[in-house]
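Me: I am new to this structure. Please show me how to read a helix and a sheet.

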Amino acid sequence: EAAAGLGEGLQDPSTAPLPQASPLARSFQLDYEEDCFRKDGAPFRYISGSIHYARVPRPAWRDRLLKMYMSGLSTVQVYVPWNYHEPLPGVYDFAGDRDVEAFLDLTAELGLLVILRPGPYICAEWEMGGLPAWLLWKPDIVLRSSDPGYLAAVDSWLHVLLPKIKPRLYQHGGNIISVQVENEYGSYYACDYEYLRHLLGSFRALLGSEVLLFTTDGTRAEELRCGTLQGLYATVDFGPGSNVTEAFGAQRQVEPKGPLVNSEYYTGWLDYWGEAHASTSSVQVARGLEDMLQLGANVNMQVSPFLQLPSLPRPGADFKDQYKPVTTSYDYDAPLSEAGDPTEKLFAIRTVISKFQPLPVGPMPPATPKYAYGSVALRKVSACPEVCAAPAWHCPAAPRLSLSLQYANLLDVLDVLCPSGPIQSRFPLTFEAIKQAHGFVVYHTQLPRDVLDPATLGAPPHSICDRGYVMLQQEYQGTLERDGQTTLRVTGRAGDTLDVLLENMGRISFGANVSDFKGLLGNLSLDSSPLSNWLIYPLAIDTAIQQGWPHTALLKSSSGGRAGPAFYTGTFETPGIAWDTFVKFPGWSKVRWCIARKGGEGGAAQLSPISIFQGQLWINGFNLGRYWPCRGPQQTLFVPGSVLHVGRPNNITVLELEGAPPAPFLLFLDRPLFNKTLSRSTAATE
């Protein structure tokens, strides 16, 4: 009964007569009588696709938007990640890839309308849902609530962002037709209506009374109860597996009249490390889209993912009974691939759209060119056999590229990676306490006594956030992991150095756990005796590599071959082109199985995989993200051609966290490899 009347009273926009509207009377409004939007007075229905400018290098913006336009989309939906633009309190960055105004102006140039989603929380599988990590410098802050400290930070941000948006609103001659307030707030535990009222007042004060403001929530009654507010038009989100009539019936419970809107139609799903690559049937996606359009609904699809740009705020994570970090790639079987290539799914969507409105005239832009640059040995090799005088890439019998290897154990270069020196503390401090947002921190102390018989080095439950690489006397001992192995057996002498490299693998971006503190949240102990007197090194690895290190430095010699965190570097040249490519890590996907105990000595024993080979890759100072082939499913990292140099060397830097293969090398391919997941059978085979 709630779904009765879905689609009634709304003519297909492609066939409905369009009354003449004055060119000066620009408006975008709700029509509660005809259950539709009205644009300049005429009935209007949008078919939209999401694109994340913060995940697309600026040189590729036009290509991705043009492909979306040629797919038949009239509109694009755009997130604005707060932490992407305000990395520190009061420090704003809208330059280069972060120039959201230039991106919005490009959408207008290409004839696309925009649905803007400025948060302040956006989810988007983006680190902390777009909220800045520096909010957690106040440990007791209640995020996404009417907490005064949180609201003050939000207001400060909105007073910077929204004045950039206002001139681009449709009513003011721009192409932004609507603006979302918060995101899926009904899925958050707080259910704080005062917070939503505060946001509504701020958006109205800064954008004016005419702009259409809306919310988006799931279709469950409790989500719509806490996520909606009078004065904000309530929309829903759901995927192709849902019953369309029932889903829109849920919207009708809170919006009895007005347009039907699915603000997030999931054309795929995200990938987690250690799980199968997400895949959603093109037929199912197309059928669900057609069902919605037949009801006269407005639809926004998740269309164009891209790489996670890990040099910036990292990929996020979910918490579903345990911590689940998201892979580097954001290509979850999307209609436009990570490299911007049209897929079968995109053409299936395009075919459905053509049944309801005319498609733009002209061909779909082609896939971007890819190049399989070939094998890159992480050792000194001959660029070409002696009998071949041609460049290496012309010699079929030779490696196409050569790369000379230098390496430095991470602990040997702390002076470079932490130029300000360590912080002294009796007990460990979190990332937030030392104002380190992302990346890595080294915790250094010494054994207080001789440990001749193996003792248990352990951490309290849930206090390793997120992975800790343990070195004793600079020798790698093993890894402690959030919701995984939390103890190691060690021996040593009094005064031996103990170092733990802590990695932030991404703050939780959805649910009640977005206050996701990083680092050592509790003290390590040795046979239940707490360790003390720590030196804490916040590492600025990205900064050092972007400034040319280690390629501009002569690395000190270090004991070669030992396991544990170390840097590998080299250079290569391309054969006169800079095309997109994908890098694979052959032989970097080994695992070993061991008996591990969760929760210390008394915990339950279980057979657990211990990953070997896991780290991060930079090319020309650009962080291409985490590789973790043994855990999968992602096996390759995407390298956009805009990162590469032509006619001069390209610098490669690898931070391997657990120990590289004896003869490491990289392999550049012309296609990605995603779907491989760790299992006992594959581990045994490897």
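**Helix H5**

Me: How far apart are the end C-alpha atoms of helix H5?

Reply: They are 21 Å apart. At 1.5 Å a residue, the 15 residues of H5 (193-207) should span 21 Å, so the two agree. The expected span is 1.5 Å times one less than the number of residues. Helices (H or I, at least four residues) and strands (E, at least two) are DSSP runs, numbered from the N terminus. This is a predicted model: local features need pLDDT of at least 70, side-chain atom pairs count only at pLDDT 80 or more, and totals for chains, interfaces and linings use all residues. Residues are numbered from 1 along each chain as its sequence is written, and side-chain values use heavy atoms, without hydrogens and water.

Me: Which residues of H5 are buried?

Reply: An α-helix has 3.6 residues a turn, so residues three or four places apart point the same way. In H5, the buried residues (under 20% relative accessible area, 1.4 Å probe, protein chains only) include Leu196, Leu199, Leu200 and Phe203. Down the axis, the buried residues of H5 fall within an arc of 165° (directions from the axis to the C-beta atoms), so they line one face.

Me: What follows just after H5?

Reply: Gly208, with a positive phi of about 100°.

**The sheet**

Me: In what order do the 4 strands of the open sheet come?

Reply: Strands of a sheet pair through backbone hydrogen bonds, either parallel or antiparallel. Here the order is S23-S19-S26-S27, with antiparallel pairing. Pairing takes at least two DSSP bridges. Strands S23 (487-492) and S27 (529-530) are the edges. Gly458 has Ser525 in S26 as its bridge partner.

Definitions and conventions. Buried < 20%, exposed > 50% of the residue type's maximum accessible area, 1.4 Å probe, protein only.
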